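Visitor: Please take me through this model, starting with a strand pair and ending with the backbone exceptions.

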Amino acid sequence: LELQKKDFNCITSYALESISSVNVDKLKPLFNKLPVDPYLAGNYRFRRLSHFKISGDSIVKLPHRPFYQARQYNPLLGDRVREYPELDDELIQLEDFERIILEFFEFCKVCSTYKEIAVHQIRITASPEQTGEPAPEGIHKDGVDMICIFSVNRERIEGGETHLYKSKDDSPVLNKILNPGEMLVFSDKEFFHFTSAINAIASEGGVRDVFVLTCPGLIGPKDN
């Protein structure tokens with residue numbers, strides 16, 4: 001459903017956009033320096049996380065804080081406080097990066113009262129010996145208001161198809177491989193989501209690089 005933001009229905013809609021104003025070639029190199037995600041076996045996920053508030057037409061970085069999901073949302077890594085390093089300053093200063101956040105925030109204004117957005121920078125790798133799992137926890141929700149998946153790069157892989165579901169038992173209402181520059185926005189309250197495994201199609205392996213944005217970020221158990 002390609003919709004104008006003012007017509008976006010928080011309950012029934014998802015939005016799929018290709019953002020021509022974002023040059024993914026400027027973003028791609030900043031995924032090469034991501035540290036490995038220490039909480040997942042297999043060393044195939046690499047990750048950073050920062051939080052921002054929206055102030056007028058610009059983004060303001062918030063202080064560091066850990067990441068916490070309740071087990072009801074993440075049976076694999078729920079109820080654990082996870083520490084990820086902050087995004088690179090070099091990335092945060094790019095106008096192309098800020099555009100992604102501000103574009104997502106246009107939807108958040110319609111469906112959420114929060115002015116805070118968490119940005120997860122995630123690389124999933126695959127090799128001939130190992131598939132990469134973008135969503136090892138299965139079909140899930142994150143426990144936020146709104147979610148955005150922005151694709152930066154796909155190289156030497158197949159798979160990695162993103163699905164949206166109204167319920168875990170239904171067939172997906174969306175099946176889509178997100179290509180670089182494409183952005184999917186949906187309400188986490190209304191849709192479950194999942195992304196299928198990626199497989200390498202070259203001997204040197206392949207990567208899937210995305211930003212996952214949530215509005216708001218997740219708050220730890222002591223802050224709840």
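## Sheets, cores and backbone

Visitor: Over how many bridges do strand β9 (residues 161–165) and β10 pair?

Guide: Strands are DSSP E runs of at least two residues, and helices are H or I runs of at least four, both numbered from the N terminus. Two strands count as paired if DSSP finds at least two bridges between them. One position in this pair sets Glu-161 opposite Ile-177 in β10. β9 and β10 are antiparallel, and the number of bridges is four.

Visitor: What sort of model is this, and how are residues numbered?

Guide: The model is predicted, so local features need pLDDT of at least 70 and side-chain atom pairs count only at pLDDT 80 or more, while totals for chains, interfaces and linings use all residues. Side-chain values use heavy atoms, leaving out hydrogens and water, and each chain, as its sequence is written, is numbered from 1.

Visitor: Which strands stand at the edges of the sheet that holds β9?

Guide: This open sheet has three strands in the order β10-β9-β12, with antiparallel pairing. Each edge strand has a single partner, so one side of it is left without a neighbour in the sheet. The edge strands are β10 (174–177) and β12 (192–195).

Visitor: By what angle are neighbouring strands of that sheet turned against each other on average?

Guide: Axes are lines fitted to C-alpha atoms, for helices over the stretch in contact, and angles between N-to-C directions run from 0 to 180 degrees. For neighbouring strands in the order β10-β9-β12, with direction ignored, the average is 15°.

Visitor: What is the strand order in the open sheet of seven strands?

Guide: Its edge strands, each pairing on one side only, are β1 (14–18) and β3 (58–61). From one strand to the next the twist averages 25°. Pairing is antiparallel, and the order is β1-β11-β7-β14-β6-β2-β3.

Visitor: Which residue in β11 is the bridge partner of Tyr-14?

Guide: β1 and β11 run antiparallel and are joined by five bridges. β1 is mostly covered, with four of its five residues buried; buried means under 20% relative accessible area, exposed over 50% and partly exposed in between, with a 1.4 Å probe and protein chains only. The partner of Tyr-14 in β11 is Phe-186.

Visitor: Which residue of β3 does Phe-52 stand opposite?

Guide: β2 and β3 pair over four bridges in the antiparallel sense. β3 is one of the edge strands of its sheet. Opposite Phe-52 stands Lys-61.

Visitor: At about what angle does α3 run to β14?

Guide: α3 has 17 residues and spans 25 Å from its first C-alpha to its last, close to the expected 24 Å; the expected span is 1.5 Å times one less than the number of residues. The helix lies across β1, β2, β3, β6, β7, β11 and β14. Its angle to β14 is about 40°.

Visitor: Which helix gives the most to the largest nonpolar core, and with how many residues?

Guide: A nonpolar core is a set of buried Ala, Val, Leu, Ile, Met, Phe, Trp, Tyr and Cys residues joined through side-chain atoms within 4.5 Å. The largest has 34 residues, of which Phe-97, Phe-104, Ile-117, Phe-150 and Phe-211 touch the most other members. Elements giving two or more residues include α1 (24–27), β7 (146–155) and α3 (95–111). The top contributor is α3, and its count is eight.

Visitor: How many residues are in the other core, apart from the largest?

Guide: In the largest core, Phe-150 touches residues including Ile-19, Leu-27, Ile-100 and Met-183, not counting residues up to four places away in sequence; contact means heavy atoms within 4.5 Å. The other core lies apart and has among its members Tyr-14, Leu-174, Phe-191 and Val-210. Its residue count is 27.

Visitor: Is Asn-43 exposed or buried?

Guide: Asn-43 lies in the loop between α1 and β2. Its phi is near 55°, a positive value in a residue other than glycine. Relative accessibility is 52%, so Asn-43 counts as exposed.

Visitor: What is the relative accessibility of Arg-156?

Guide: Arg-156 sits in the loop between β7 and β8 (157–159). Here too phi is positive in a residue other than glycine, near 60°. Arg-156 counts as partly exposed because its relative accessibility is 33%.

Visitor: What is omega for the peptide bond from Cys-215 to Pro-216?

Guide: Pro-216 lies in the segment after β14. The bond is cis, with omega near -5°.
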